[in-house]
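Ready for some practice in reading a fold? Work through each task by yourself before turning to its solution.

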Amino acid sequence: GEVDFAVASRPLPSEIEYERAAGDARQLSPAEQQLQRNLLQGILPKEGMEAFSRVISAPAQARWVVTSLDLAQLLEQAAQAGAPAADSGARFARPELDSEYVEPRDEVERTIVGFWQELLGVEKVGVRDSFFDLGGHSLIAVRLFAKIKKAFHVDYPISVLFEAPTIERCAAMIRGAIGAVTASTEGGAPAAPAPRESHRSRYTHLVPMHSGEGGPRRPFFLVAGMFGNVLNLRHLAHLIGTDRPFYGLQARGLYGDHAPHETFEEMARDYLKELRTVQPKGPYLLGGFSGGGITAYEMAQQLRAEGEETALLVMLDSRLPVSPPITKRDKALIHFQRLRRQGPAHLLRWVRNRLRWEAERFRKRFAAAQEQQRPYELHNAAIEAAFRAALPHYRVKPYPGMITLFRPKLDQAYLLGPGRVLDSALEYVYHDNGWSKVVGEVEVHEVPGNHDAMVLEPNVRVLAARLRACIQKSEADIDAVQGGITAARGECTSRRPELVTQD
């Protein structure tokens, strides 16, 4: 039958619900607030039909913008946001936060406040405001810690923001590293006290993503993706719940002068060494995002060889290390399908993409030399190169256990024959990302978003709710077995592959 999209009026803010972790009574994040504003300003069916009629009746050369917002206001906002705050000096008013405004109390805090205001474009930053609540992300964090290194001669990974997300905590770490600050703020106010002991990074790879101990439940460990940065997993960690320790595992060589790992076996051994300082014995709850799933798989294999159990092995859209090669016949079929869809414009686009690819390959030849000239930056090029070099050398041994795979909707761009489908990136597409070839059981959960957006707002809320249910089920099974009770396996431990789709 037909779907009725008719609504009487725009929804009220109270009618727009968000899935939250248990006990989560916080205010909406900036991303959620923006989503709510967009929903409230949506075009109604009558308005949409009118706009559609006007567009299709317009001359072919006309350019149209269809929006439910005031166009003049949008243009004004675009003009104001045209240049970064660091270049234009523009500042946004301090948003409403849970933290009270506290002004800086010494030179260290005042210096860092200046960095935050410049990079985040926010005026009147308090020392107890959260970097993340003010819109901070990994690219800004890289620039922030470059400035901190230059100003104070201390070197920290950007993941330290999980431990010190405020200026007050970050300044305390810096004072511990450089000694007590004797300077006073203007007006004779006393300097903030120095910490009792210097900050010492306990781990190279293990990143506690909740403050404190993270609750009494069994820890969950998640390996970061190919570039080894855990900051994009912050939303997921928060939504899983602060009643459970959540640890990210970041790559070696992410900052400083450490060389990246050259093999997955070596990477897994070093990760497990630090993991065991938190949880010496299993059963373990492990996972990996994207390329990190391969490392998590090897960790489970090494644990099994030592007689330890991995009760839950989660893959967040991870694939096997090596895909089958694309033959000349396959390439011909791809070009034929593109030509049929796009017409002669495909040939021009193919030449343009080929030139762009050659230019990118030329640029990457000098990436290592360029990276050495930068004092502080995520060493993405070196880590990616080491990761890709390790892929063809990793031998995927059979694993008799089960994996739980979360992935977005399959991108079926090119049909090459029965059971042979490629996505837009020319990777082979499989319902279970190919893992059933090497593991005993696979359970597939389809979640909204694409490969990167599935772990970001707002899509991450669906992923977090389903992953949280799987973790809780696995933990209940562990407790039942350890208590001498035989428990029936539930939704997240099915005996055969199944697809769990979003309602």
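Below are four exercises on helix packing, a cavity and backbone geometry.

The model is predicted, so local features need pLDDT of at least 70 and side-chain atom pairs count only at pLDDT 80 or more, while totals for chains, interfaces and linings use all residues. Residues are numbered from 1 along each chain as its sequence is written, and side-chain values use heavy atoms, with hydrogens and water left out.

**Exercise 1**

Describe how helix α5 packs against helix α6.

*Solution.* Start with the elements: α5 covers residues 107–120 and α6 covers residues 138–152; helices here are DSSP runs (H or I, at least four residues) and strands likewise (E, at least two), numbered from the N terminus. Next, take the geometry: the two pack at an angle of about 150°, with axes 10 Å apart. Axes are lines fitted to C-alpha atoms, for helices over the stretch in contact, and angles run from 0 to 180 degrees between N-to-C directions. Angles under 35 degrees count as roughly parallel, over 145 as roughly antiparallel, 65 to 115 as roughly perpendicular and the rest as oblique. α5 and α6 are therefore roughly antiparallel to each other. Then look at the residues in contact (heavy atoms within 4.5 Å): α5 contributes residues including Ile-112, Phe-115 and Trp-116, and α6 contributes residues including Leu-144, Ile-148 and Phe-152. Finally, sort the contact of α5 with α6 by class: 11 nonpolar, one polar and three charged residues. Ala, Val, Leu, Ile, Met, Phe, Trp, Tyr, Cys and Pro count as nonpolar, Asp, Glu, Lys and Arg as charged, and the others, Gly among them, as polar.

**Exercise 2**

Now repeat the analysis for α5 with α7.

*Solution.* Begin with the angle, about 130°, and the axes, 9 Å apart. α5 and α7 are therefore oblique to each other. Moving to the contact, Val-108, Glu-109, Ile-112, Val-113 and Trp-116 of α5 meet Ile-167, Glu-168, Cys-170, Ala-171, Ile-174 and Arg-175 of α7. By class, the contact of α5 with α7 has eight nonpolar, no polar and three charged residues.

**Exercise 3**

Relate the α9 and α10 pair to the largest cavity.

*Solution.* First, α9 (residues 264–278) and α10 (residues 292–305) pack at about 70°, with their axes 9 Å apart. α9 and α10 are therefore roughly perpendicular to each other. Among the α9 residues that meet α10 are Phe-264, Met-267 and Leu-275, and the α10 side includes Ile-294 and Met-299. Second, turn to the cavity, whose volume is about 140 Å³. On a 1 Å grid over the protein atoms alone, a cavity is a set of points where a 1.4 Å probe fits but cannot get out, and lining residues have an atom within 4 Å of a point. Grid points are joined across faces, edges and corners, and a volume is the space filled by probe spheres set on the points. Of its 18 lining residues, the closest to the centre are Met-226, Ala-251, Met-267, Ile-383 and Phe-387. Third, link the two: α9, α10 and α14 (380–390) each give two or more residues to this lining.

**Exercise 4**

Locate the cis peptide bonds before Pro-283 and Pro-458, and place His-153.

*Solution.* Gly-282 and Pro-283 are joined by a cis bond with omega of about 0°, and Pro-283 sits in the loop between α9 and β4 (284–289). The cis bond from Glu-457 to Pro-458 has omega of about -5°, with Pro-458 in the loop between β9 (439–446) and α15 (460–482). Last, His-153 has a positive phi of about 60° although it is not a glycine; its place is the loop between α6 and α7 (167–178).

Key:
1 Å grid on protein atoms, 1.4 Å probe; cavity = no way out; pocket = protein on both sides within 12 Å on 5 of 7 lines; lining within 4 Å.
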